[in-house]
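Visitor: Hi, I have just opened this one and would like a walk through it. Could you put it on the screen so that we can talk it over?

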Amino acid sequence: MAYLDSLGISGAHVVLAHCVHLDTEEMETLARTKTNVAHCPSSNLKLGSGLARVAEMLARRITVSLGADGAACNNRLDMFTEMRTAALLQKLAHGPEVLPAARTLRMATIDGARALGLEKEIGSLETGKRADVILVDLNRLHSTPQRDIVSALVYTAVAPDVRTTIVDGQVLMRDGEFLTMNEANVIEEANREAMSLTQRAGIAG
């Protein structure tokens, strides 16, 4: 972190992924420079990279958002999984009261927008912001019973619970059906390209 800071790769315009090996002095540098962090808990677990000190970063008012890294080291790229995993990991390290559901949801929404410098445009439902909205069906067996909607979103919701997706006012999915692409074609093309890639790389399928 000290080296990156010396090169000018720090500040509010920078998002650093993972940050699993920071010491206290490096976290103080992040806080002083207002550098943002993208926490990718599932990727860190799959690769055995380490446990990010998220609770300590948040205590220093460092903006920590959530990410999924890439498909090669995560597979699911599912923000619901990342929220749940992030919250549970910090509880394992610091106790059950750390990183409550509401704080975790902020990391997945407004803090992500803030890390990108877009908090005035996206990240929350407010007049004047872009209409980026998902409708989540929590009336499912795996989400029942539930009294706290925020807790349910973080701990019980899964990707198929999203029934409608709206991006910048455009409806991309309604009642679980994609409106701007053919799902079967996308799956077929992805599998075809993956096979082609493995063949070019000389990797057995």
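Visitor: Let me start with a single residue: is cysteine 40 buried or exposed?

Guide: Before anything else, please keep in mind that this is a predicted model. In it, cysteine 40 counts as buried, because its relative accessibility is 3%, and the cut-off for buried is under 20%.

Visitor: And how many disulfides does the structure hold?

Guide: The structure holds 0 disulfides. Cysteine 40 is in none, and the nearest cysteine sulfur, which belongs to cysteine 73, lies 7.9 Å away. Cysteine 73 is likewise in no disulfide, with the sulfur of cysteine 40 as its nearest, 7.9 Å away.

Visitor: Why does that pair not count as a disulfide?

Guide: A disulfide needs two cysteine sulfur atoms within 2.5 Å, and the sulfur of cysteine 73 is 7.9 Å from that of cysteine 40, so the pair does not meet the cut-off.

Visitor: Is cysteine 73 buried or exposed, then?

Guide: Cysteine 73 counts as buried, its relative accessibility being 13%.

Visitor: Switching to pockets, what volume does the largest pocket have?

Guide: The volume of the largest pocket is about 1200 Å³. Its lining is made up of 36 residues, and those closest to the centre of the pocket are Phe80, Ala108, Thr109, Val133 and Ile134.

Visitor: Which elements give two or more residues to that lining?

Guide: They are helix H5 (79-94), helix H6 (101-108), helix H7 (110-115) and helix H8 (149-155), together with strand E4 (133-136) and strand E5 (162-167). The largest share comes from E5, which gives 5 residues to the lining of the largest pocket.

Visitor: What does the lining look like by class?

Guide: The lining of the largest pocket has 24 nonpolar residues, alongside 6 polar and 6 charged ones.

Visitor: And what about the second largest pocket, how much space lies in there?

Guide: The second largest pocket holds about 290 Å³ of space. Its lining consists of Ala71, Asn75, Arg76, Leu77, Phe178, Met181, Glu183, Val186 and Ile187, and by class these are 6 nonpolar, 1 polar and 2 charged residues. The largest share of this lining, 3 residues, is given by helix H9 (residues 183-200).

Visitor: Arg76 caught my eye, so which residue does arginine 76 form a salt bridge with?

Guide: Arginine 76 forms a salt bridge with aspartate 78, and the closest N and O atoms of the two are 3.7 Å apart. Aspartate 78 is buried, with a relative accessible area of 8%, whereas arginine 76 is exposed, with a relative accessible area of 55%. Elsewhere, Arg103, Asp111 and Arg114 are joined into one network by salt bridges that share partners.

Visitor: How many salt bridges are there in the whole structure?

Guide: A search of the whole structure finds 9 salt bridges. One of them joins aspartate 5 to arginine 32, with their closest N and O atoms 3.0 Å apart. This pair links distant parts of the chain, since aspartate 5 sits in helix H1 (residues 2-6) and arginine 32 in helix H2 (residues 24-33), 27 residues apart. Aspartate 5 is partly exposed, at a relative accessible area of 24%, while arginine 32 counts as exposed at 56% relative accessibility.

Visitor: Where does glutamate 56 come in?

Guide: Glutamate 56 forms a salt bridge with arginine 53, and the closest N and O atoms are 2.6 Å apart. Arginine 53 counts as partly exposed at 23% relative accessibility, and glutamate 56 is partly exposed with a relative accessible area of 24%.

Visitor: On to the strands: what is the order of the open sheet?

Guide: The open sheet has 4 strands in the order E4-E5-E6-E7, with antiparallel pairing. Its edge strands are E4 and strand E7 (177-178), each of which pairs on one side only. Within the sheet, E5 and strand E6 (residues 170-174) run antiparallel and are joined by 3 bridges, and isoleucine 166 has valine 171 in E6 as its bridge partner.

Visitor: In which sense do E1 and E2 pair?

Guide: Strand E1 (residues 15-17) pairs with E2 in the parallel sense over 3 bridges, and the bridge partner of leucine 16 in E2 is valine 37.

Visitor: Which way do the residues of E2 point?

Guide: From strand E2 (residues 36-39), Asn36 and Ala38 point one way, Val37 and His39 point the other way, and all are buried. In a regular strand, the side chains alternate between the two faces of the sheet.

Definitions and conventions
Residues are numbered from 1 along each chain as its sequence is written. This is a predicted model: local features need pLDDT of at least 70, side-chain atom pairs count only at pLDDT 80 or more; totals for chains, interfaces and linings use all residues. Side-chain values use heavy atoms; hydrogens and water are left out. Buried means under 20% relative accessible area, exposed over 50%, partly exposed in between (1.4 Å probe, protein chains only). On a 1 Å grid over the protein atoms alone, a cavity is a set of points where a 1.4 Å probe fits but cannot get out, and a pocket is an open set with protein on both sides within 12 Å along at least five of seven lines; lining residues have an atom within 4 Å of a point. Grid points are joined across faces, edges and corners, and a volume is the space filled by probe spheres set on the points. Ala, Val, Leu, Ile, Met, Phe, Trp, Tyr, Cys and Pro count as nonpolar, Asp, Glu, Lys and Arg as charged, and the others, Gly among them, as polar. A salt bridge is a side-chain nitrogen of Lys or Arg within 4 Å of a carboxyl oxygen of Asp or Glu. Two strands pair if DSSP finds at least two bridges between them.
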